[in-house]
Amino acid sequence: MTDVVKVLIPIRSFDGMTRLSHRLDPDDRTRLARDLASRTTRTALDADTRVFVVSADASVQRWATASGVDVITERTSQGLDAAATAATEEAGDDSWLVIHADLPVINVDDIRAAVDAVERGYVLAPSHDGGTSLIGGRGPGFPFRYGPGSFRRHLAAIDGVATILTRPGLALDL
């Protein structure tokens, strides 16, 4: 590998995780979101990547800085597609991975496999629910299509030309 891959982790806030609202109170969801983000960022750092948290939320930015992670300030709060697009533009012509922060079993080998794959072109990792937990590429211009069932939309948007990375650590998201 000739350059360090930039790992871009969009985090809107630690107050989300609404999928778990029927099981956890708001304080527990906030703690869980922060713990998951810490695990994901630490794993990416341990994989020898350069890690950036992408957020407009001041508390998330403070947490990222205190965690030793670089911050890309999201200029608008127009959703995950806009945040990922802005982050990949900031990455310039470098290789990048957009990874979600809510991956409880992600490990260094998952990230290293993505780093290896992105050297060959686009890489997509489907989540267990049909979403996309990781997208990799080089330079700006990826057509992000997040939301329910996003894996198929992402794959179609790039005419099916990608390495599909199916790994347990990337498939399970909360």
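Begin by selecting Val-7 together with Leu-97, because the second of these residues is the bridge partner of the first within strand β4, a strand being here a DSSP run of at least two residues. What you have open is a predicted model, and this pair is the starting point for a walk through its sheet.

**The strand β4**

Extend the selection to residues 95-99, which make up strand β4, and colour them by burial: five of its five residues are buried. Turning the strand in the viewer shows that this cover is found on both faces, with Ser-95, Leu-97 and Ile-99 buried on one side and Trp-96 and Val-98 buried on the other.

Now add residues 6-10, strand β1, which runs parallel to β4 and is joined to it by three bridges. On the β6 side, select residues 132-138; here β4 and β6 pair in the antiparallel sense, over five bridges. Two of the residue pairs are worth displaying as sticks: Ile-99 has Leu-134 as its bridge partner in β6, while Ser-95 has Arg-138 as its partner in that strand. Like β4, strand β6 is mostly covered, with six of its seven residues buried.

**Outward through the sheet**

Return to β1 and add residues 50-55, strand β2, which pairs with β1 in the parallel sense over five bridges. Within this pairing, Ile-9 can be selected with Val-53, its bridge partner in β2.

Going from β6 instead, select residues 123-126, strand β5, which pairs with β6 in the antiparallel sense over four bridges. Leu-124 is matched here with Ile-135, its bridge partner in β6. The two strands form a hairpin with five residues between them, and in the turn Gly-130 has a positive phi of about 90°.

With these strands displayed, show the whole sheet: it is open, has seven strands with mixed pairing, and follows the order β3-β2-β1-β4-β6-β5-β7. At its edges stand β3 (70-73) and β7 (163-164), each of which has a single partner strand, so that one side of each is left without a neighbour in the sheet.

**Helix α3 against the strands**

Next, select residues 80-90, helix α3, and within it the buried residues Ala-83, Ala-84, Ala-86, Ala-87 and Thr-88. Which strands should be displayed with them as cover? The elements that cover these residues include β1, β2, β3 and β4, so the selection should keep the strands already visited on screen as well as the edge strand β3. Following the helix onward leads to Gly-92, whose phi is positive, near 65°.

**Two buried residues to inspect**

Move to residues 26-46, helix α1, and pick out Thr-43. Is this residue buried or exposed? Thr-43 is buried, with a relative accessible area of 8%. Leaving aside residues up to four places away in sequence, Thr-43 touches Ile-106, Asn-107, Val-108 and Ile-111, and these four can be added to the selection to see what lies against the threonine.

The second residue is Ile-158, which is placed in the loop between α5 (150-157) and β7. Although it belongs to a loop, Ile-158 counts as buried, at 9% relative accessibility. Its contacts, again without residues up to four places away in sequence, are Tyr-122, Leu-124, Phe-142 and Pro-143; Leu-124 is the residue already met as the bridge partner of Ile-135. For a distance to display, draw a line from the C-alpha of Ile-158 to that of Pro-148: the two residues are 10 apart in sequence and 18 Å apart in space.

**Stepping back to the whole chain**

Finally, clear the selections and show the entire protein, which has six helices and seven strands. Traced from the N terminus, the elements run β-α-β-α-β-α-β-α-β-β-α-β-α. The radius of gyration is 15 Å, close to the 16 Å that the globule rule gives for 174 residues, so the protein is as compact as a globular protein of that length. Along the principal axes, the C-alpha trace spans about 40 × 30 × 30 Å.

Colouring by burial once more, now over the full chain, shows that buried residues make up 49% of the 174 residues. Among contacts with a separation of 6 or more, 65% are between residues 24 or more positions apart. With the surface displayed, the accessible area comes to about 8,200 Å², of which 49% belongs to carbon and sulfur atoms. If the charged groups are marked as a last step, the mean positions of the 19 positive and 24 negative charges turn out to be 2 Å apart.

Definitions and conventions
Residues are numbered from 1 along each chain as its sequence is written. This is a predicted model: local features need pLDDT of at least 70, side-chain atom pairs count only at pLDDT 80 or more; totals for chains, interfaces and linings use all residues. Side-chain values use heavy atoms; hydrogens and water are left out. The radius of gyration is taken over C-alpha atoms; the globule rule is 2.2 Å times the number of residues to the power 0.38. Buried means under 20% relative accessible area, exposed over 50%, partly exposed in between (1.4 Å probe, protein chains only). Contact means heavy atoms within 4.5 Å. Accessible areas come from the Shrake-Rupley method with a 1.4 Å probe; for residues, only the protein chains shown count as cover. Lys and Arg count as positive and Asp and Glu as negative; His and the chain ends are not counted. The place of a charge is taken as NZ of Lys, CZ of Arg, CG of Asp or CD of Glu. Two strands pair if DSSP finds at least two bridges between them.
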